[in-house]
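Work through these exercises with the structure open beside you. Try each task before reading its solution.

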Amino acid sequence: MKILIIGDIVGKGGRKAVCKLVPELRKEFNCCFCIANAENIAGGSGLTKKCVESLRNAGVDIITSGDHIWKQKIFIEEIRSLPYVLRPANFHIDQPGKGYGIFNIPIGGVICVINLIGRIFIQHHGDNPFTKIASILEEVKDKANVIIIDFHAEATSEKIAMGRFLDGKITAMFGTHTHVQTADEQILPNGTAYITDVGMVGSRESVIGRDINAVVKTFTSGMPSHYKVIESNIQLCGAVVEFDPQTGKAIGIERIIRNL
Ligand SMILES: [Fe+2]
Ligand SMILES: [Fe+2]
């Protein structure tokens with residue numbers, strides 16, 4: 001069985017690419033399920049119900065997020081009626097939404113999807129992701145064999161440590177947030193598929209999805225600037241994970257890069 005994973009979808013350009021390419025990729029790789037991180041989908045920052053519904057119509061089953069999830073204020077209410085959208089599980093307990101769920105795979109069986117956020121170079125008021133994931137795995141261990149985790153984090157060290165911490169306990173961990181795909185996809189020694197970051201769905205001619213000159217100006221002058229989202233030259237980055245649905249162990253992981 002195979003699942004398709006898509007990195008941070010940025011703005012309208014990213015949304016268009018997903019709508020065109022996800023149906024094709026699902027068919028090409030024969031994927032029965034798709035998970036995408038969409039924390040940058042609405043105007044480049046945050047999510048809206050309308051935007052996530054367009055992803056669902058394109059064949060994305062579950063949507064994960066990260067530090068930008070509440071940037072569109074309307075989503076603080078909207079998330080309550082969207083069971084297929086996850087916010088990081090280790091956010092403070094008072095935040096709306098949920099951090100993990102067990103979902104039906106259309107061709108049979110169930111899959112547990114968990115969203116976590118790191119603590120290095122990311123601000124949030126939540127829990128340690130390592131202790132949090134240990135308690136979640138305790139809760140779900142008898143309910144799902146197949147467990148996939150989006151660890152939304154900046155530091156490669158934190159993500160690699162998490163992958164090793166989870167090796168053998170879950171089917172796959174993929175990283176998001178940096179918007180840059182890493183070339184370290186692998187099956188870890190105890191059967192967990194791993195990639196530090198799957199990358200983004202955004203412009204190749206940008207600084208992680210935003211206007212090059214504006215970002216460079218901030219770095220050279222120190223002055224804040226408006227970072228326009230770039231909607232052209234869109235590249236989709238993701239991965240396909242193959243697994244045994246009986247054991248929940250990964251069999252393979254392949255990186256994907258496609259131009260729109
Ligand atoms: Fe992020
Ligand atoms: Fe992002």
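Two residues are in contact if their C-beta atoms, placed from the backbone, lie within 7 Å. Keep in mind that the model is predicted.

**Exercise 1. Find which residues Val 241 touches, leaving out those up to four places away in sequence.**

Solution.
- Step 1. Apply the 7 Å cut-off to C-beta atoms.
- Step 2. Drop residues up to four places away in sequence; Val 241 then touches Lys 2, Ile 3, Ile 5, Ala 172, Ala 193, Ala 250 and Ile 253.
- Step 3. Place Val 241 in the largest nonpolar core, which has 71 residues. Val 241 is among the members that touch the most others, along with Ile 6, Val 18, Cys 34, Ala 36 and Val 201.
- Step 4. Ask which strand gives the most to this core: strand E12 (residues 234–243), with 7 residues.
- Step 5. Set this against a general trend: in soluble globular proteins, nonpolar side chains tend to be buried together.

**Exercise 2. Describe the protein as a whole: what is its secondary structure, and how compact is it?**

Solution.
- Step 1. Count the elements: 6 helices and 13 strands.
- Step 2. Compare the radius of gyration, 17 Å, with the 18 Å that the globule rule gives for 260 residues. The two are close, so the protein is as compact as a globular protein of that length.
- Step 3. Box the C-alpha atoms along the principal axes; they fill roughly 55 × 40 × 35 Å.
- Step 4. Check burial: 47% of the 260 residues count as buried.
- Step 5. Take the contacts between residues at least 6 apart in sequence; 64% of them join residues at least 24 apart.

**Exercise 3. Is Val 198 buried or exposed?**

Solution.
- Step 1. Locate Val 198 in the loop between strand E10 (193–195) and strand E11 (200–203).
- Step 2. Count C-beta neighbours inside 10 Å: Val 198 has 28. The cut-off for burial is 20 or more, so Val 198 counts as buried.
- Step 3. List contacts beyond four places in sequence. Among them are Ile 5, Gly 7, Phe 174, Cys 237 and Ala 239.

**Exercise 4. Trace the open sheet: what is the strand order, and which strands stand at the edges?**

Solution.
- Step 1. Read the order of the 6 strands: E5-E6-E7-E8-E10-E9, with mixed pairing.
- Step 2. Go to the edges. Strands E5 (100–104) and E9 (186–187) each have a single partner strand, so one side of each is left without a neighbour in the sheet.
- Step 3. Look at one pair. Strand E6 (residues 110–117) and strand E7 (residues 146–152) pair in the parallel sense over 7 bridges. Ile 114 stands opposite Ile 149 in E7.
- Step 4. Add the helices. Helix H4 (residues 129–140) lies across E5, E6 and E7, running at about 165 degrees to E6. Helix H5 (residues 156–166) packs on the sheet and touches E7, E8 and E10; its direction makes about 170 degrees with that of E8.

**Exercise 5. Where are Asn 30 and Phe 121 found, and are they buried or exposed?**

Solution.
- Step 1. Asn 30 is in the loop between helix H1 (11–29) and strand E3 (33–37). Its phi is positive, near 55 degrees.
- Step 2. Asn 30 has 11 C-beta neighbours inside 10 Å, so Asn 30 counts as exposed.
- Step 3. Phe 121 is in the loop between E6 and H4. Its phi is also positive, about 60 degrees.
- Step 4. Phe 121 is exposed, with 10 other C-beta atoms within 10 Å.

Key:
Residues numbered from 1 in each chain as written. Chains lettered and ligands numbered in written order. Predicted model: local features only at pLDDT ≥ 70, side-chain atom pairs only at ≥ 80, totals over all residues. Helix = DSSP H or I, 4+ residues; strand = E, 2+ residues; numbered from the N terminus. Rg over C-alpha atoms; globule rule 2.2 N^0.38 Å. Buried ≥ 20, exposed ≤ 12 C-beta atoms within 10 Å, placed from the backbone. Core = buried A, V, L, I, M, F, W, Y, C linked by C-beta atoms within 7 Å. Pairing = 2+ DSSP bridges. Axes fitted to C-alpha atoms, helices over the stretch in contact; angles between N-to-C directions.
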